[in-house]
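Welcome, and please keep your viewer open beside this text. We will go step by step, choosing something to select and then looking at what is there.

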Amino acid sequence: MTRDPGASPERTRLAWRRTGMSAAAVALLAARPAFHPGAGPAEWLIAAAAMAGWAALIGLALHRSPGLRVRPPRPAGRSIRAYALITAAFAVIGGLVVML
(Lines give C-alpha, C1' and ligand atoms only; values in the text may rest on other atoms or scores of the structure.)
Protein backbone atom coordinates (compact mmCIF):
# COMPACT_ATOMS: atom_id res chain seq x y z
CA MET A 1 0.00 0.00 0.00
CA THR A 2 1.48 3.35 -0.99
CA ARG A 3 1.05 6.45 1.11
CA ASP A 4 -0.27 9.66 -0.42
CA PRO A 5 2.17 12.34 0.82
CA GLY A 6 -0.32 15.13 0.15
CA ALA A 7 -3.42 13.87 1.93
CA SER A 8 -2.09 13.31 5.43
CA PRO A 9 -0.67 16.83 5.99
CA GLU A 10 -3.82 18.35 4.51
CA ARG A 11 -6.03 16.32 6.86
CA THR A 12 -3.83 17.40 9.78
CA ARG A 13 -4.11 21.07 8.81
CA LEU A 14 -7.89 20.73 8.56
CA ALA A 15 -8.00 19.02 11.96
CA TRP A 16 -6.04 21.90 13.51
CA ARG A 17 -8.52 24.32 11.94
CA ARG A 18 -11.53 22.39 13.30
CA THR A 19 -9.98 22.27 16.74
CA GLY A 20 -9.38 26.02 16.64
CA MET A 21 -13.00 26.66 15.70
CA SER A 22 -14.34 24.39 18.44
CA ALA A 23 -11.97 26.04 20.93
CA ALA A 24 -13.41 29.41 19.92
CA ALA A 25 -16.90 28.14 20.72
CA VAL A 26 -15.75 26.76 24.08
CA ALA A 27 -13.95 30.01 24.94
CA LEU A 28 -17.01 32.09 24.09
CA LEU A 29 -19.26 29.83 26.17
CA ALA A 30 -16.79 29.99 29.06
CA ALA A 31 -16.71 33.79 28.81
CA ARG A 32 -20.49 34.11 28.83
CA PRO A 33 -20.88 34.15 32.66
CA ALA A 34 -18.48 37.11 32.86
CA PHE A 35 -21.09 39.28 31.14
CA HIS A 36 -23.78 38.53 33.71
CA PRO A 37 -24.67 41.67 35.75
CA GLY A 38 -23.62 40.02 39.03
CA ALA A 39 -20.34 38.63 37.70
CA GLY A 40 -17.33 38.86 39.95
CA PRO A 41 -13.59 38.36 39.66
CA ALA A 42 -13.87 34.55 39.41
CA GLU A 43 -15.99 34.75 36.27
CA TRP A 44 -13.69 37.37 34.77
CA LEU A 45 -10.59 35.25 35.44
CA ILE A 46 -12.20 32.17 33.93
CA ALA A 47 -13.21 34.18 30.85
CA ALA A 48 -9.69 35.59 30.54
CA ALA A 49 -8.16 32.11 30.88
CA ALA A 50 -10.52 30.74 28.21
CA MET A 51 -9.67 33.54 25.80
CA ALA A 52 -5.95 33.16 26.48
CA GLY A 53 -6.21 29.42 25.85
CA TRP A 54 -8.02 30.02 22.60
CA ALA A 55 -5.39 32.54 21.49
CA ALA A 56 -2.62 30.06 22.36
CA LEU A 57 -4.30 27.29 20.34
CA ILE A 58 -4.68 29.56 17.33
CA GLY A 59 -1.07 30.70 17.69
CA LEU A 60 0.15 27.10 17.77
CA ALA A 61 -1.94 26.23 14.72
CA LEU A 62 -0.56 29.19 12.79
CA HIS A 63 2.97 28.23 13.85
CA ARG A 64 2.47 24.61 12.77
CA SER A 65 0.70 25.26 9.46
CA PRO A 66 3.78 26.17 7.35
CA GLY A 67 5.51 23.00 8.53
CA LEU A 68 2.69 20.94 7.06
CA ARG A 69 2.91 22.60 3.64
CA VAL A 70 6.49 21.55 2.87
CA ARG A 71 7.31 18.15 1.39
CA PRO A 72 7.95 16.09 3.42
CA PRO A 73 6.15 17.74 6.37
CA ARG A 74 8.37 18.81 9.25
CA PRO A 75 7.93 16.97 12.57
CA ALA A 76 5.60 18.62 15.06
CA GLY A 77 8.09 18.80 17.92
CA ARG A 78 6.66 20.22 21.13
CA SER A 79 3.58 21.81 19.57
CA ILE A 80 1.51 18.63 19.88
CA ARG A 81 2.30 18.37 23.59
CA ALA A 82 1.43 22.05 24.12
CA TYR A 83 -1.81 21.59 22.18
CA ALA A 84 -2.77 18.64 24.39
CA LEU A 85 -2.03 20.58 27.58
CA ILE A 86 -4.10 23.56 26.46
CA THR A 87 -6.96 21.26 25.48
CA ALA A 88 -6.82 19.65 28.95
CA ALA A 89 -6.88 23.14 30.47
CA PHE A 90 -10.04 23.84 28.48
CA ALA A 91 -11.61 20.79 30.12
CA VAL A 92 -10.73 22.21 33.55
CA ILE A 93 -12.12 25.62 32.58
CA GLY A 94 -15.31 23.94 31.38
CA GLY A 95 -15.64 22.21 34.74
CA LEU A 96 -15.20 25.51 36.53
CA VAL A 97 -17.87 27.15 34.39
CA VAL A 98 -20.31 24.35 35.20
CA MET A 99 -19.59 24.68 38.93
CA LEU A 100 -20.23 28.43 39.02
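Before the first stop, one term: a helix axis here is a line fitted to C-alpha atoms, over the stretch in contact, and the angle between two axes runs from 0 to 180 degrees between their N-to-C directions. Please also keep in mind that this is a predicted model.

**Whole chain.** Start with a cartoon view. You will find 3 helices and 0 strands, in the order α-α-α from the N terminus. Of the 100 residues in the chain, 27% are buried.

**Helix α3.** Now select residues 79–99, which form helix α3. Its end C-alpha atoms lie 30 Å apart, and this agrees with the 30 Å that 21 residues should span at 1.5 Å a residue.

Which residues of α3 are buried? Show the side chains of Ser79, Tyr83, Ile86, Phe90 and Ile93 to see them. They cover an arc of only 75° around the axis, so they sit on the same side of α3. Residues three or four places apart point the same way because an α-helix has 3.6 residues a turn. Turn to the other side of α3 and you meet exposed residues, among them Arg81, Leu85 and Met99.

**α1 beside α3.** Add residues 7–31, helix α1. The axes of α1 and α3 come within 11 Å and cross at roughly 25°. Angles under 35 degrees count as roughly parallel, and α1 and α3 are therefore roughly parallel to each other. Their crossing is left-handed.

**Where they meet.** Finally, show the side of α1 that includes Trp16, Thr19 and Ala23; these are among the residues that meet α3, where the partners include Tyr83, Phe90 and Val97.

Conventions: Residues are numbered from 1 along each chain as its sequence is written. This is a predicted model: local features need pLDDT of at least 70, side-chain atom pairs count only at pLDDT 80 or more; totals for chains, interfaces and linings use all residues. Side-chain values use heavy atoms; hydrogens and water are left out. Helices (H or I, at least four residues) and strands (E, at least two) are DSSP runs, numbered from the N terminus. The expected span of a helix is 1.5 Å times one less than its number of residues. Buried means under 20% relative accessible area, exposed over 50%, partly exposed in between (1.4 Å probe, protein chains only). The arc is that of the directions from the helix axis to the C-beta atoms. Angles under 35 degrees count as roughly parallel, over 145 as roughly antiparallel, 65 to 115 as roughly perpendicular and the rest as oblique. A crossing is left-handed if the near helix is turned anticlockwise from the far one by less than a right angle, and right-handed if clockwise. Contact means heavy atoms within 4.5 Å.
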